[in-house]
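Trainee: Please take me closely through the way the helices pack in this model, and then through a few individual side chains.

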Amino acid sequence: MPINRRRAAAVAAALPWATWAAVRLTGAERGFPAVPALTFTPHAAATVVVPIGLALRARSRAGLLMSAGAGAALAGAVPARRGATAPPHPDGVPLRVATVSLRLGLVAAGPVLDLVGRFDVDVLSMQELTPEAEERLRAAGIDALLPYSSVVPARPGAPPAASGAVWSRRPLRPQGAVPGGFEQPTVVLDGAGGREVELTAVHITPPLTSAELVRGWEGDLAGLPSPAPGVLRVLAGDFNASFDHASFRRLLARGYTDAARAVGRARVWTWAPLRPRFPRLTIDHVLVDPRIAVAAVEVVAIEGSDHRSVVATLVVPRN
């Protein structure tokens with residue numbers, strides 16, 4: 001192939017990565033399939049070596065600049081650490097929040113109770129609960145570890161696993177549910193010496209296979225409550241969204257801090273299919289009012305689940 005044609009081919013090969021980078025940086029993704037595709041931005045960044053290699057072989061300066069620029073933009077789109085909550089107050093009250101997805105209710109009770117015991121969890125935000133899974137959890141003794149609960153069953157006609165729940169070591173007051181495709185119970189947790197905390201067990205519609213699902217996903221994210229002066233809010237669960245989604249970044253821009261991002265763990269993956277264990281995506285989050293400090297975050301495998309648990313140690317200011 002003549003040298004000019006090889007150089008033109010190198011530029012053409014770089015175009016998909018350059019376009020992807022432009023969409024990611026501008027937040028221009030709209031509808032299906034752009035929204036679910038943006039979830040794979042880290043994978044696009046990893047494969048940019050392909051057009052870079054082609055540009056080097058073709059000695060195409062334009063192709064190399066496009067490919068390298070796209071790779072730098074994609075790799076730098078989500079810094080490992082950006083911003084943080086206020087530093088913990090010396091007499092603040094610890095609150096350990098964990099997310100658990102039961103994979104259509106199929107996860108056994110043992111791994112869930114083991115998580116609660118190992119990490120001394122105070123509040124458990126649970127997704128994909130079914131009546132059978134709830135029965136197993138209660139029979140296994142979850143109420144002895146976390147004696148207060150609010151379970152919102154799936155609405156009529158919805159899959160049984162559309163239910164959501166909160167289990168807590170502290171007394172709580174159920175506040176209904178945030179509207180969405182799945183049930184998202186909201187509770188107010190007793191302050192235990194600190195201020196009360198409102199927590200929502202988040203489960204956002206996945207934007208997987210159609211424009212209709214993408215619209216539901218966008219509506220669910222937009223419908224989540226914003227931080228407010230008179231309440232300390234925490235949103236915890238399966239957002240089916242990553243930092244590469246403009247809709248998720250708009251939610252953060254309302255004033256929330258992502259707990260994992262605050263402690264430099266924003267790149268740790270939280271979801272992968274059971275077989276094969278790829279792709280790996282970061283779609284589970286604990287978002288906090290910036291007045292709540294983040295002391296630590298662990299991401300923990302739960303046997304039988306396709307989601308890993310996000311365990312966030314928070315510090316709530318006293319009254």
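Mentor: The helix packing comes before the side chains in what follows.

This is a predicted model, in which local features need pLDDT of at least 70 and side-chain atom pairs count only at pLDDT 80 or more, whereas totals for chains, interfaces and linings use all residues. Residues are numbered from 1 along each chain as its sequence is written, and side-chain values use heavy atoms, with hydrogens and water left out.

Helices and strands here are DSSP runs numbered from the N terminus (H or I of at least four residues for helices, E of at least two for strands). Helix α9 (residues 211-222) packs with helix α10 (residues 246-253) at an angle of about 5°, their axes lying 10 Å apart; the axes are lines fitted to C-alpha atoms over the stretch in contact, and angles run from 0 to 180 degrees between N-to-C directions. The two helices α9 and α10 are therefore roughly parallel, given that angles under 35 degrees count as roughly parallel, over 145 as roughly antiparallel, 65 to 115 as roughly perpendicular and the rest as oblique. Trp217, Glu218 and Leu221 of α9 make the contact with Ser247, Phe248 and Leu251 of α10, contact meaning heavy atoms within 4.5 Å. By class, this contact of α9 with α10 has four nonpolar, one polar and one charged residues, where Ala, Val, Leu, Ile, Met, Phe, Trp, Tyr, Cys and Pro count as nonpolar, Asp, Glu, Lys and Arg as charged, and the others, Gly among them, as polar.

Within α10, Ala246, Ser247, Phe248, Leu251 and Leu252 are buried, that is, under 20% relative accessible area, with exposed meaning over 50% and partly exposed the range in between (1.4 Å probe, protein chains only). These buried residues of α10 pack against α9, β9 (257-258), α11 and β10, and α10 is followed by Gly255, whose phi is positive, near 135°.

Another helix pair is α4 (residues 49-58) with α5 (residues 61-75), which pack at an angle of about 160° with their axes 8 Å apart, and that makes α4 roughly antiparallel to α5. Pro51, Ile52, Ala55 and Leu56 of α4 meet Gly63, Leu64, Ser67 and Ala68 of α5, a contact that by class has six nonpolar, two polar and no charged residues. Arg61, which is also found in α5, is exposed, with a relative accessible area of 70%.

Turning to buried side chains, Arg24 lies in helix α1 (residues 3-26) and has a relative accessible area of 5%. A polar contact of 2.7 Å joins the side chains of Arg24 and Asp244; such a contact is a pair of N or O atoms within 3.5 Å, where within protein one must be able to donate a hydrogen and the other to accept it, and residues adjacent in sequence count only if both atoms are side-chain atoms. The backbone oxygen of Phe243 lies 3.3 Å from a polar atom of the Arg24 side chain. Not counting residues up to four places away in sequence, Arg24 touches Leu38, Thr41, Leu74, Ala77, Val78, Phe243, Asp244 and Arg249.

Thr282, in the loop between α11 (259-262) and β10 (284-288), is likewise buried, with a relative accessible area of 16%. A polar atom of the Thr282 side chain lies 3.1 Å from the backbone oxygen of Val268. Leaving aside neighbours within four places in sequence, Thr282 is in contact with Ala241, Ser242, Ala266, Arg267, Val268, Trp269 and Thr270.
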